[in-house]
Amino acid sequence: MAQLDTLDIVVLVALLLGTLAYFTKGTYWAVQKDPYASSFANGHAGKAGKSRNILERMDEQGKNCVIFYGSQTGTAEDYASRLAKEGSSRFGLKTMTADLEEYDYENLDQFPEDKVAFFVLATYGEGEPTDNAVEFYEFMGGEDVSFSEKSSDEKPLANLKYVAFGLGNNTYEHYNSMVRNVTKYLDKLGGTRIGEAGEGDDGAGTMEEDFLGWKEPMWAALASAMDLEEREAVYEPVFEITEKPDMNADDDTVYLGEPNKNHLEGTSKGPYNAHNPYIAPIAESKELFNDKNRNCLHMEIDVSGSNLSYTTGDHIAVWPTNSGKEVDRFINIIGLTERRHTVIAVKGLDATAKVPFPSPTTYDAVVRYQLEIGAGLSRQFVAQLAQFAPNDEIKAELTKAGTDADYFRENVYNKNYNIAQFLESMSSGEKWEKIPFSIFIEALHKLQPRYYSISSSSMVQKNKISITAVVGTLDTPGAPNIVKGVTTNYLLALKQKQHGDPHPDPHGLDYAITGPRNKYDGIHVPVHVRHSNFKLPSDPARPVIMVGPGTGVAPFRGFVAERAEQAKNGENIGKTILFFGCRNKSEDFLYEDEWKQHKEDLGDNFELITAFSRDGPNKVYVQHRLKEHAAEINQLLEKKAYFYVCGDASNMAREVSEVLSSIVSEQRGVPKQKGEEIVKGMRASNQYQEDVWS
């Protein structure tokens, strides 16, 4: 037999490998595809290739109950998830949650009568749908709704059984209008509502108890309507957590807080939005208060080169990170200190379960960047945790707190506990090692961006966005814990670093301000822009009246700057009045020098009216100043002046609205009810605009 030389062997091996490649399609050496390469590339999780036909999706997964949600801050989504879990564990329903923007609605007329749809709907702003519910709301409320069957039936949704719960705030005029209007539309189209449409009130601070009080009679009505049998509820995880000992946290395929694959690979690109932040440099930052006990930040965020654009009156969203102090506390109390940097894979145990962040990741990264660990607790979650208590005594205590609303309020809610503080207190520091990590992903909100009214004018500085923010602190008498605002303290740490502090650490909170893998180093912050309807009139000659105490003055700084710029450009500017209030002229009079400059630019067309509540013998607020200028305000309103309010919704904004109604009534000699109707009409025509928060 002839000997094979080296070249022959090389050729034979090459032929063998080529043949193997052809028949195996490279299976044995292909690089494993990152499951998040497309779905999390720019933050659009789970949408690629998924059917928008909800009935098809339900049939594929064997579901008989879908919980749609319209959510802006994550609360409605959280309630939808909780309803899905409870429906499954207590009644054996085959449940799934569904983001309203991910499905079409034309085939709801074919919804099977042996299935049920839930609608958990938050009302955003002045009676508006949340961003992800706009298309659904416009479709269902259209004058000529066209469903797939295109029949002439006036009741096309006759087979649809549905349940509804709304999330609202009674400090807004259009309280819970989303759920009220949607139920009206569904009923008109022939839908059958099961139980009462629930309404939660964030303004009264009763959202959680409203939800809990609504769902029990709802479940009873649904069980009767669908012949369901209740069973003992046991914890059934939605997500599977798998530790990956063969992987290292430093591996470049492990997410350490990056929101999507492009950020992971260092190739972040737009469009930048609520799923995909821009890592923006902070161009400038400074302290606005002259008060050693309080902080108010002014920051200039540079968005040049990002294709992010804004118009005066919009909002900027800041993506925060949890403080290191609270991350450490959380990881320690559940016994993960030694494994905090262990790599884990998170997978939905059901095809419809949407993992809220990309993996593989680490325990530390999930707690630091993904979960709202600083928020208060729900009574339902406390009850759920009882089964994992370290001993029977603690279990009994949690069971009582989870079932007795008054006991919960006194011993949990009023103490301002976050989840880790609560666990520490209940067990006196003993570890809670039996709690499955999956329950935190299911029960805690995803860490949400915080929105701030932009305090600059896009006409004056289109590539820089200004933020004006008080650093938040909530100190409740009798509560053992002082709540520190997650995002504003994060921004304070960034400001401290920018001003030369080598170890910025406000209140000992220890933020990881350089971000995952130091990608935010050099004073950067993740942001995106949300557009708003809070706008100056298109005609600069139209008079405007603005009421903005404290940081409520933020958008009006942009408004006045814009009018000053228009005046410099030779435009005719209408009367521009700003009512501003704060505690003391010497401590927290925001942008005092700027108002003086704008007065020079605008002359008599600009008037600043101040209320310093603690400088005199009596407390004086912007509401009082409005009454003092009643005649001038009424005259301007009769000239179709726009009226704007920004700031606290629960007290200030409500009282300003009442004062304005009284001014109209008294100045025009009409009954009080007529004054209220006129102000209501101003709201409806967008002549009265609010940018307020609870």
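This report describes selected helices, strands and annotated residues of one protein chain, taken from a predicted model.

**Helix α6**

Helix α6 covers residues 207–226, and its 20 residues reach 27 Å from the first C-alpha to the last, which is close to the 28 Å expected at 1.5 Å a residue. Its buried residues are M207, E208, F211, L212, W214, K215, M218, W219, L222, A223 and M226. An α-helix has 3.6 residues a turn, so residues three or four places apart point the same way. The buried residues of α6 pack against two helices, α3 (75–91) and α10 (379–385), and against the strands β3 (116–124), β5 (161–168) and β7 (198–201). Just after α6 the backbone changes character at D227, where phi is positive, at about 55°.

**Two strand residues**

The residues T95 and Y451 are set side by side in the table below, each with its strand and its relative accessible area.

| Residue | Strand | Relative accessible area |
|---|---|---|
| T95 | β2 (residues 95–99) | 12%, buried |
| Y451 | β14 (residues 450–453) | 25%, partly exposed |

T95 counts as buried because its relative accessible area of 12% is under the 20% cut-off, whereas Y451, at 25%, falls in the partly exposed range between 20% and 50%. When neighbours within four places in sequence are left aside, T95 is in contact with K63, C65, I67, A84, G87, S88 and T352. On the same terms, Y451 is in contact with H315, I316, A317, H528 and R530.

**Annotated region and binding site**

According to UniProt, in an unreviewed entry, the feature "domain: FAD-binding FR-type" is placed at residues 275–537. Over this stretch the chain is 28% helix and 19% strand, and its end C-alpha atoms lie 31 Å apart. Under "binding site", again from an unreviewed entry, UniProt lists Y451 together with R450, Y452, S453, T468, A469, V470, G485, V486, T487, T488 and W693.

**The α21 and α22 pair**

Helix α21 (residues 649–668) packs on helix α22 (residues 672–684) at an angle of about 120°, and the two axes are 8 Å apart. That angle makes α21 oblique to α22, because roughly perpendicular pairs are those from 65 to 115 degrees and roughly antiparallel ones are over 145. The crossing in which α21 passes α22 is right-handed. On the α21 side, the residues that meet the partner helix are S657, L660, S661, V664, S665 and R668, and on the α22 side they are K672, G675, E676, I678, V679, M682 and R683.

Notes. Residues are numbered from 1 along each chain as its sequence is written. This is a predicted model: local features need pLDDT of at least 70, side-chain atom pairs count only at pLDDT 80 or more; totals for chains, interfaces and linings use all residues. Side-chain values use heavy atoms; hydrogens and water are left out. Helices (H or I, at least four residues) and strands (E, at least two) are DSSP runs, numbered from the N terminus. The expected span of a helix is 1.5 Å times one less than its number of residues. Buried means under 20% relative accessible area, exposed over 50%, partly exposed in between (1.4 Å probe, protein chains only). Contact means heavy atoms within 4.5 Å. UniProt positions are given in the numbering used here, feature names are shortened, and annotations may be inferred rather than shown by experiment. Axes are lines fitted to C-alpha atoms, for helices over the stretch in contact, and angles run from 0 to 180 degrees between N-to-C directions. Angles under 35 degrees count as roughly parallel, over 145 as roughly antiparallel, 65 to 115 as roughly perpendicular and the rest as oblique. A crossing is left-handed if the near helix is turned anticlockwise from the far one by less than a right angle, and right-handed if clockwise.
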